[in-house]
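Me: I've got a structure open here and a pile of words I don't trust yet. Can you walk me through them?

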Amino acid sequence: MWQWQTQPLTWSTFLAMLIGTVVILLLALGVVTYGILAERKVLGWMQGRIGPNRVGPFGLLQTVADVLKLFIKEDVVPAAADRPLFLLAPVLAFVPAFMALAVIPFSMQHIFTAGIGTGLLYYLALSALTIHGVMLGGWASNNKYSLIGGMRSAAQMLSYEVPLGLSLVGVALLAGSLNLNDVVRAQQHLGLWFIIPQFLGFCVFIVAATAELNRTPFDLPEAESELVAGYHTEYSGFRWAFFMLTEYVYLFAMAGLTATLFLGGWSGPWLPGWLWFALKAAAFFFFQFWLRNTMPRIRADQLMTLCWKVLLPLGLVNLVLTAVLKAVLLKG
Amino acid sequence: MQPYWNAYLFIVLFLVVGILLPVGSLWLVGPLLRPKNPRPEKLTSYESGVEPFGDAHVRYHVRYYLFALLFVVFDVETLFLYPWAVAYGKLGWFGFIEMLIFLVLLAIGLAYAWRKKVLEWN
């Protein structure tokens, strides 16, 4: 029942796939719930505070309470807004972010996800689609802050999509496959995580990924001091919650991708594969929280200069170096 | 190639479930739980407390389009690199030289945009 990648389609394999999808949805919701709590706790500790500790033991139910509160809040749609698009935008943002999870190999086989041969391309395509929800949300709000925030988001995410994609070509080159599980196997076969032979690529990737996620130091679309809340200024209640959910689901997907491509995915000694994967993804989460506490926000002009004048040339250099390395390895 | 297509069905399932969650919570269950009493004051656009004036759908700066164009050019070229990267093991040095020519053309495009000061955000 769990081997649907190699078996013909029957009702039983279909049911297993459906269960897999729902499991990943619940997993994503759980990771987002506790990711947000972990972020607030880590931020608190780094600033010498305690962090949320009132709701439930050690504050473990804080995010659950927040979500329930948002769920029963009034859904305000501004009179000036473009109503259909305004209502649709959070859905347009959420669906591709969730679908991107469909190719991440959480364990040794693709048990709960799809092992398609074009996994990496699929991920990049879907992560780029999330921009539409953000931009349409900003535009449909008919608010000046939202519009500027939405346009800035779009410009930033579009720009950083290029070095992100370019840095991953190096991984595809070393692995010789775009199937994410094959990438993990290639690292196992090499006996080395790709973060070492692809260190330059990893640096480009991690900067571009942080910018793609709109996180500090690249959180310009939500620069509170100048744009109120950016593209979701006019959103309230659960519709706003969906934008937040999108952001954290996307963070989860990016953590999964980083763990898979650069940190060896589920491979590792002694511990079971899913636990290795969870540890590596958690390391990415922690790194992001750490950055948020350490870095100031960069300026808009620095943002674009960094992307096009530093990351893109570095990505090209990394690609050529990797090609030479692989050609030498093939000869030797 | 039957099992091959199963994986794509999986992606369709992700699409369906991904749409069902927001639709179910925002349109089906949400209205039963949340209050709804819109008032004209509540429905005005937020503009830091002053009365909103004019329409927000103004013309915006041309640099957004320039970056969108640059994105199209460079992202499509990046996508061309993926099939090459997968097949590189079989192509060898021939593939390397070919791709080097492609990358040089790409770098010339980047240098041109750089020289024309398109990459600046001012």
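Reply: Here is a round of questions and answers on the two chains, one term at a time.
Before we start: this is a predicted model, where local features need pLDDT of at least 70, side-chain atom pairs count only at pLDDT 80 or more, and totals for chains, interfaces and linings use all residues. Residues are numbered from 1 along each chain as its sequence is written, chains are lettered from A and ligands numbered from 1 in the order in which they are written, and side-chain values use heavy atoms, with hydrogens and water left out.

Me: How do you know how many helices and strands chain A has?
Reply: Helices are DSSP runs of H or I with at least four residues, strands are runs of E with at least two, and both are numbered from the N terminus. By that count chain A has eleven helices and zero strands. Chain B gets three helices and zero strands, so its pattern along the sequence reads α-α-α.

Me: What makes the radius of gyration of chain A agree with that of a compact globule?
Reply: The radius is taken over C-alpha atoms, and the globule rule is 2.2 Å times the number of residues to the power 0.38. For 332 residues the rule gives a value near 20 Å, and chain A has 20 Å, so the two agree. Its C-alpha trace spans about 65 × 50 × 45 Å along the principal axes.

Me: And what does the rule give for chain B, against what it has?
Reply: A compact globule of 122 residues would come out near 14 Å, but chain B has 25 Å. Along its principal axes, the C-alpha trace of chain B spans about 70 × 50 × 15 Å.

Me: Why is A:N142 called buried?
Reply: Buried means under 20% relative accessible area, exposed means over 50%, and partly exposed is in between (1.4 Å probe, protein chains only). A:N142 has 11%, so it is buried. Across whole chains, 60% of the 332 residues of chain A count as buried, and for the 122 residues of chain B the figure is 31%.

Me: Then why is A:F58 called exposed?
Reply: Its relative accessible area is 68%, so A:F58 lands over the cut-off for exposed. You'll find A:F58 in the loop between α1 (11-46) and α2 (62-71) of chain A.

Me: What makes the phi of A:F58 worth a second look?
Reply: Most residues other than glycine have a negative phi, and most peptide bonds are trans. A:F58 is not a glycine, yet its phi is positive, about 55°. A:N142 has a positive phi near 55° too, and is also a residue other than glycine. A:N142 sits in the loop between α4 and α5 (144-175) of chain A.

Me: Which peptide bond is cis, with omega near 0°?
Reply: That's the bond from A:T216 to A:P217. A:P217 lies in the loop between α7 (199-212) and α8 (224-227) of chain A.

Me: How do you know that the length of helix α4 of chain A agrees with what it should span?
Reply: The expected span is 1.5 Å times one less than the number of residues. Helix α4 (residues 119-140) has 22 residues and should span 32 Å; its end C-alpha atoms are 33 Å apart, so that agrees.

Me: Why is B:L9 called partly exposed?
Reply: B:L9 has a relative accessible area of 25%, so it falls in between the two cut-offs. B:L9 belongs to helix α1 (residues 2-33) of chain B. B:V104, in helix α3 (residues 93-115) of chain B, counts as partly exposed as well, at 45%.

Me: What is B:L9 in contact with, leaving aside its neighbours within four places in sequence?
Reply: Contact means heavy atoms within 4.5 Å. On that basis B:L9 is in contact with A:L9, A:F14 and A:M17. Within chain A, among contacts between residues at least 6 apart in sequence, 75% join residues at least 24 apart; in chain B that figure is 52%.

Me: Last one: how far apart are B:V104 and B:W5 in sequence and in space?
Reply: They are 99 residues apart in sequence and 38 Å apart in space, C-alpha to C-alpha.
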